[in-house]
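Me: I am new to this structure and would like to ask how its terms are earned. Could you take me through it slowly?

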Amino acid sequence: MSEPEKRQLSLGGVVVATALPYYEDASAPAGLAVDYDRYAQHCRWLVDNGCHGVGPNGSLGEYSSLTDEERRRVARTAVEAVGDAATVVVGVHGVGSHQARHWAEIAAEDGADGVLCLPPTMYRANHGEILAHFEAVASVGLPVMVYNNPIDTKVDLTPDLLAEIARIDNVVAVKEFSGDVRRVLEIRERAPGLDVISGADDVVLESLLMGATGWFAGFPNVFPAESARLYDLATAGKLAEARALYEPLVAAFRWDSRTEFVQAIKLGMEQVGRFGGPCRPPRGPLTPRMREQVQADMARAIASIEGQAA
């Protein structure tokens, strides 16, 4: 595939790794059933507020705590909810390439625009296994955004390795979550046909200024309109305006890179009047101290946004 053809398959912009709502049901796993109606409404709300896409079945969407039937229905719900108004990039993470490829095939059947895929989960894959994993997923035919999350997978998709992965047909982007903004330029140098997508909220402005073409992360669940505006300001080179918006939000955004990010983002949603709700195990409630800190960081962000609006 030529570089221009890869560019046409872009999965950039603000794509929200969507949080998943539950309601209490004793017959459901862990006593919590997926609230598909509320999830569909949330996806539409994100798009109506300027986000370019949604990403069901990511880590924030608690994919690993879902049954196979729930996981497929969540993705279908997102596709049906946003229609042609936005991009849907479905998480297809799996322990092995056969599982990840299966989920990519299902995503293609259900109308996804692209897929997000980690290296093999629960296993520290070697160089050849990583390439084989992404080759299997990409063979399905959907645009693939590979996901570098060395914190959780213990596998680091370095710029040199990404240069090899980028040669696989249908691999068009990388969600970069190492936290090292120096990598944005290095990836662009070594794999010029690969779009670099910021995967960590607390380095998003830095990444966009260095040439990242998208933002795929968590706090747009809380601040979709402001996130879309931040993206527009950064990509337009309006640094002073972008910094004024971004800096008061960073304390809240840092929770996106912490172990309790799902709980923190759901609590943040509650603070802006949305439904966040509980998480399924293994995630438990925030400690009182953490809860207080999230609320304080969120309060600062909300006050800044309200002040700028006034």
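Reply: Let us begin with a cavity whose lining consists of Glu176, Ser178, Gly179, Asp180, Val181, Val184, Val196, Ser198, Gly199, Ala200, Val203 and Ser207, which is the largest cavity of the structure. The model is a predicted one, in which local features need pLDDT of at least 70 and side-chain atom pairs count only at pLDDT 80 or more, while totals for chains, interfaces and linings use all residues. Residues are numbered from 1 along each chain as its sequence is written, and side-chain values use heavy atoms, with hydrogens and water left out.

Me: What makes this space a cavity, and what makes a residue part of its lining?

Reply: On a 1 Å grid over the protein atoms alone, a cavity is a set of points where a 1.4 Å probe fits but cannot get out, whereas a pocket is an open set with protein on both sides within 12 Å along at least five of seven lines; a residue belongs to the lining if it has an atom within 4 Å of a point. Rolling a probe the size of a water molecule over the atoms shows where empty space is left. The largest cavity holds about 70 Å³ of space, where a volume is the space filled by probe spheres set on the points, and grid points are joined across faces, edges and corners.

Me: How many cavities of 30 Å³ or more does the structure hold?

Reply: There are two cavities of 30 Å³ or more, and the second largest has about 50 Å³ of space. Its lining includes Asn57, Arg71, Arg72, Trp103 and Asp110, and H3, S5 and H4 each supply at least two of the lining residues. These labels belong to DSSP runs numbered from the N terminus, helices being H or I runs of at least four residues and strands E runs of at least two.

Me: How are the linings of the two cavities divided into nonpolar, polar and charged residues?

Reply: Ala, Val, Leu, Ile, Met, Phe, Trp, Tyr, Cys and Pro count as nonpolar, Asp, Glu, Lys and Arg as charged, and the others, Gly among them, as polar. On that basis the lining of the largest cavity divides into five nonpolar, five polar and two charged residues, and that of the second largest cavity into six nonpolar, two polar and three charged.

Me: What is known of the largest pocket, and which residues are closest to its centre?

Reply: The largest pocket has a volume of about 890 Å³. Its lining counts 39 residues, of which Ser59, Tyr63, Ser64, Asp152 and Arg283 are the closest to the centre. Helix H6 (150-153) provides the largest share of this lining, three residues, and the classes are 17 nonpolar, 14 polar and eight charged. The second largest pocket has a volume of about 210 Å³, and helix H13 (residues 261-271) gives the most to its lining, with four residues.

Me: Why is asparagine 221 called buried?

Reply: Buried means under 20% relative accessible area, exposed over 50%, and partly exposed in between, with a 1.4 Å probe and protein chains only. Asparagine 221 has a relative accessible area of 0%, and is therefore buried. This residue is found in the loop between strand S10 (214-217) and helix H10 (224-235), and a polar atom of its side chain lies 2.8 Å from the backbone oxygen of alanine 17.

Me: What does isoleucine 265 touch?

Reply: Contact means heavy atoms within 4.5 Å. Leaving aside residues up to four places away in sequence, isoleucine 265 touches Leu60, Gly218, Phe219, Asn221, Val222 and Asp256. Isoleucine 265 is found in helix H13, and with a relative accessible area of 0% this residue is buried.

Me: Why is strand S7 described as largely enclosed?

Reply: Five of the five residues of S7 (residues 144-148) are buried, so the strand is largely enclosed by the rest of the structure. Val144, Val146 and Asn148 point one way and Met145 and Tyr147 the other way. In a regular strand the side chains alternate between the two faces of the sheet.

Me: How do you know that S6 and S7 pair?

Reply: Two strands pair if DSSP finds at least two bridges between them. S6 and S7 run parallel and are joined by three bridges, so the definition is met. Cysteine 117 stands opposite valine 146 in S7.

Notes. Polar contact = N/O pair within 3.5 Å; in protein donor to acceptor, adjacent residues only side chain to side chain.
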